[in-house]
Structures are given as C-alpha cells and as structure tokens.
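Work through the exercises below with the sequence and the model open. Try each task before reading its solution.

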Amino acid sequence: MWYLCVFYHRLLDYRKPEFESLADLFGAFGDKRSSDFNTQDKVLQWRLPKHHHPDSPFHFVHLPSEDVARKIANRSILVKGIYELWGEGNDFEELEEAVKSYPDERKLPYLEYESTFKITVDSFGKVLSLQEQNERIQGLSYIPFKGRVNLKNPDHNFWLMETDENETNNGLPPVVKRRIFFGREIGGADRKLIPMYQLKTRNYLGPTAMDAEMAFLMANQAQAAPGKLVYDPFVGTGSILVSAAHFGAMTMGADIDIRVVRDGRGPDCNVWSNFKQYGLPMPIGLLRADNNLPPWRPGLKEVFDGIICDPPYGVRAGGRKSGGRKLLKGIVGPYTVPDDKRADHIPSTAAYTLVECVHDLLDLAARMLVMGGRLVFFYPVLREDGSVETHFPEHPCFKLVATSEQMLSSRYSRVLLTMVKTSLYTEELALAARIKHLEFRENHLKWLENGNLHSSVFSPADAESSDSKVSKESKLKYRGKYV
C-alpha cells in the first residue's frame, strides 16, 4: 500500500537511507534467511507528489503493511510522520472531491461514535495563523466525523498539510504549484530524544563526541535492536554506543587511550557514567585495544551484529597506533613493562594514517561481523576546485548499500557509509582485500595517504583568488541536499 511520508527538512541526504534501513529491520522485504543476504532487491518504491522537487519533505512510499509503517515512523529520527492518504489536490475543491471518492470501507472505521479524533493543520513554506487553521478545519465539514474531539490523547489523529508555491531560492526546495494533503496519521518520530540526549547535558564529553541526532541515525543505519551486539572500535566517550543502547542493543567498545576507557575524569565522570545518566544497560566490556593490532584470538569470528564508529581521520583528532616511532623504526627493540609499573603505564603510540585505519577497520569487520551484519562509519571527502572525490574504500566481503553526505565547510564534507556483510571471510578474500587496499592507497588523493587532512581543511584560501569573497546576494539560499 502507498503511504505519504513527510520528512523533517534537514539532513536531506540521510532521510531515505535511514528509512530503508529501518524498513529492512522491520521486515518490509520479507523474513531474513540465513542463506540469503543479497541486498540488490531490498529497495523501496518511492514517488514524488506532483510538481515537487526531489528534496521536498513529501514523498510517497510503498510498504507491505500499516504495522511496518508505524514501526518505521516511531523509530525514525528524520520522519515527521507517515500517513494513510485520504486525498490530495491543488486546491480545496479538488481535495474534497478526492476525499469523497476514497473508499468508505477505509474511512468509516475511523469515524465511529465511540472513537475520539483530532485534526492538525500544518504547512510547508509558509506560516498559517490560528484563524486560518480554524477555517481550514471548518472546511472539512464534508467528512462525516461522528466521534468526539480529544486534543490531548485522541484515538485517531488526522492531518491537513499544504505546501506553498515557492519557485525562488527562499531556503526551501522549489514547488511550482500548491499541493494540499489530508490523511490519517500512522506514526511519527519521537524528537524528544534529541534534547534528552543532547551533548551539553552529557556527563562525560570529549572533543570528538558524536552529536546525539547523528548518533541515533548511525544506530538506525546499523539496525541496532534488542538481542544484537554492537561494537565501536574508537569508542572515546561512548556517544555512539549510548544511542545503540537506547534502542536495546548490547554494546562493547575499545579505544587505544587507556585513560579514556579506564579513568575518564574520575569515578563519577567516565564512559560508564554516561550510560548510568540515562538509565541504560552498561556495556558488556570496554577495552584498551589497538585497531591496528586487534586483541581477538585467531579462531574468534562473527561475534558482532553491527560495528558503528567515527574513525580518526585527522580533523579534530588524528589516529594513533601502538608502537612509538623508535620502536616502529627499529631504533629500540620490544620491551616488557615491569609488574610494579603496569598499573600506571601508558603505552607509547605512533601516527596512524587514515588509509591504514580504514583497511584495518574493514578487515576487522569482515572477520567479526555476522553474515548480514552492518558496518557504519564516517569517511571524509575533500573538495578541490568544486570537484568531489567519490572513491570510497571497498572490501570483497561487503556491499555498500548507502552513502549520506554532510557538508561541514566549503572544502570538506563527511560521508556516512553503510556496508552489509554478504560473504564469509576467507584467506582468499583477505588477499583480494589487501590488493584493493593497495590500489585504493595508490590512486586516492595525496592528502588522504599522508594523513594531512587537517591542514587541507584549515589552510587559508589562495591569495590570488580574487573572487573568494562572494556577495550575499550571489549566494544561493537553498542549500539542497546538504542542509
């Protein structure tokens, strides 16, 4: 059945990937079979309303049942609501004709005497006064509501939504003609999670703590759910694991800095206290571990259902691996820490380039994820002269199912990559992955190999560029998919 999906007008590139990940989680593509992890056919049918831009918040989506639609809407972060559409039109006369022609067997069960209802008027591209909203509600008198009005806790919530004509760049996607929708609400996102988990009220924070909204989006992309085990190899202060734990997943993390995972800022201000703050189940373990030298025993495989992380790519924090410069160069040999100094010993580390970090992350995920498990991580993109580098890392065990870009500056953006494990890890695939890694390192941008993304992002503009200062009038107000 076709439903009207209304998104929040933000993070436009993340909306459909999150929706489709949740659709897969809640069985929109049928039951998952252990022998079939082909993601090729797992694509929802979408279509736009008449005269609407692809970045419009209004989309039609085909879902197998109302129950699936409700679960997606209630879990999603970017879905404002999913509605059973009773009618649409370019004006109220056309809307009335459409609503009257909608089958009575679909309408009458929600118009009975015993039920309560509420009508909400909403608009996109303009603001309606209270008087205008009341006039539009009165104009729906042709619908035979028999129940009582209940504004606080109605049995059925109906929405009248309209868009305004906006062909100019006013910050909204262009709409050629006005469009009006009326429908019954199936479900909607609980945006109260965002202020509840916002970072400014978080007990323990670090310089790379993930924003709450983005952390929940990553958890949805990874399909975190009760009974699943989610791992973050760059756990830091635990922001991503907090969002996964909120959705009921068991969590586990690791970090190379033992001071972060063990000490924090004291017994009442550490990673564990962040989980305690929200009443969430504690992680089953936090390890001091190196992504370059993983601690897992050789025979251990396919443990995690999801790996979610934000690898250190050198903008806010650079990557580190065990060893130290002198040890890696062979100036000094391996050493053993005396027993009396182990409690306070902090192992030496050396620089860890992003190319090496991503290769190790993919190898870890190929070994430790279950079949059908998801790897979700951010990857940096540097723009030079308006061009975009879109050569993403690959691995023969994974299929890339979603990419979502977020602009952070005029030269730099980050892309959220979502990969699904589709093949068992073997030594032959590991060798093929190593070859892909060498090609990737050779062909990619020089800043990525050298790990100097920070200097590339924050370097001043060329002095000879005379048109660097663009007037406000010449800038497009509508930011498209990078909102």
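Some notes on conventions come before five exercises.

This is a predicted model, in which local features need pLDDT of at least 70, side-chain atom pairs count only at pLDDT 80 or more, and totals for chains, interfaces and linings use all residues. Residues are numbered from 1 along each chain as its sequence is written, and side-chain values use heavy atoms, with hydrogens and water left out.

**Exercise 1. Confidence**

Find the mean pLDDT of the chain and the stretch over residues 461-466.

Solution. pLDDT is the predictor's confidence in each residue, from 0 to 100. Its mean over the chain is 85, and 83% of the residues reach 70 or more. Over residues 461-466 the value is below 50, and this stretch has zero contacts (heavy atoms within 4.5 Å) beyond near neighbours in sequence. Residues 468-476 also stay under 50, with two contacts beyond four places in sequence. Where pLDDT is low, the predicted coordinates should not be read in detail.

**Exercise 2. The nonpolar cores**

Locate the largest nonpolar core and state which domains give residues to it.

Solution. A nonpolar core is a set of buried Ala, Val, Leu, Ile, Met, Phe, Trp, Tyr and Cys residues joined through side-chain atoms within 4.5 Å. Buried means under 20% relative accessible area, exposed over 50%, and partly exposed in between (1.4 Å probe, protein chains only). The largest core has 77 residues, and Phe-304, Ile-307 and Leu-375 have the most contacts inside it. Helix α12 (residues 354-368) gives the largest share, 10 residues; helices (H or I, at least four residues) and strands (E, at least two) are DSSP runs, numbered from the N terminus. Domain 1 (2-33 + 41-190) and domain 2 (194-458) both contribute, so the core lies between them; the domain bounds come from an automatic or database domain assignment. A second, separate core of 20 residues includes Val-61, Leu-63, Ala-69 and Ile-82.

**Exercise 3. The eight-stranded sheet**

Trace the strand order of the open sheet and identify its edges.

Solution. Two strands pair if DSSP finds at least two bridges between them. The order is β2-β3-β1-β4-β8-β7-β5-β6, with mixed pairing. β2 and β6 (148-149) are the edges, each having a single partner strand, so one side of each lacks a neighbour in the sheet. Now look at β3 (residues 58-62), where four of five residues are buried. β1 (residues 2-7) runs antiparallel to β3, joined by five bridges, and Tyr-3 stands opposite Val-61. β2 (residues 46-47) is also antiparallel to β3, with two bridges, and Trp-46 has Val-61 as its bridge partner.

**Exercise 4. Helix α8**

Is helix α8 enclosed by the rest of the structure or left open, and which elements does it pack against?

Solution. Seven of the eight residues of α8 (residues 239-246) are buried, so the helix is largely enclosed. Among them are Ser-239, Ile-240 and Leu-241. The buried residues pack against α7 (212-221), β9 (229-232), β10 (250-255), α10 (271-277) and β12 (304-309). After α8 comes Gly-248, with a positive phi near 95°.

**Exercise 5. A polar residue inside**

Is Thr-418 buried or exposed, and what does it touch?

Solution. Thr-418 belongs to strand β18 (residues 412-421). Its relative accessible area is 0%, so Thr-418 is buried. Not counting residues up to four places away in sequence, Thr-418 touches Gln-221, Arg-374, Leu-375, Val-376, Lys-399, Leu-400, Val-401 and Ala-402.
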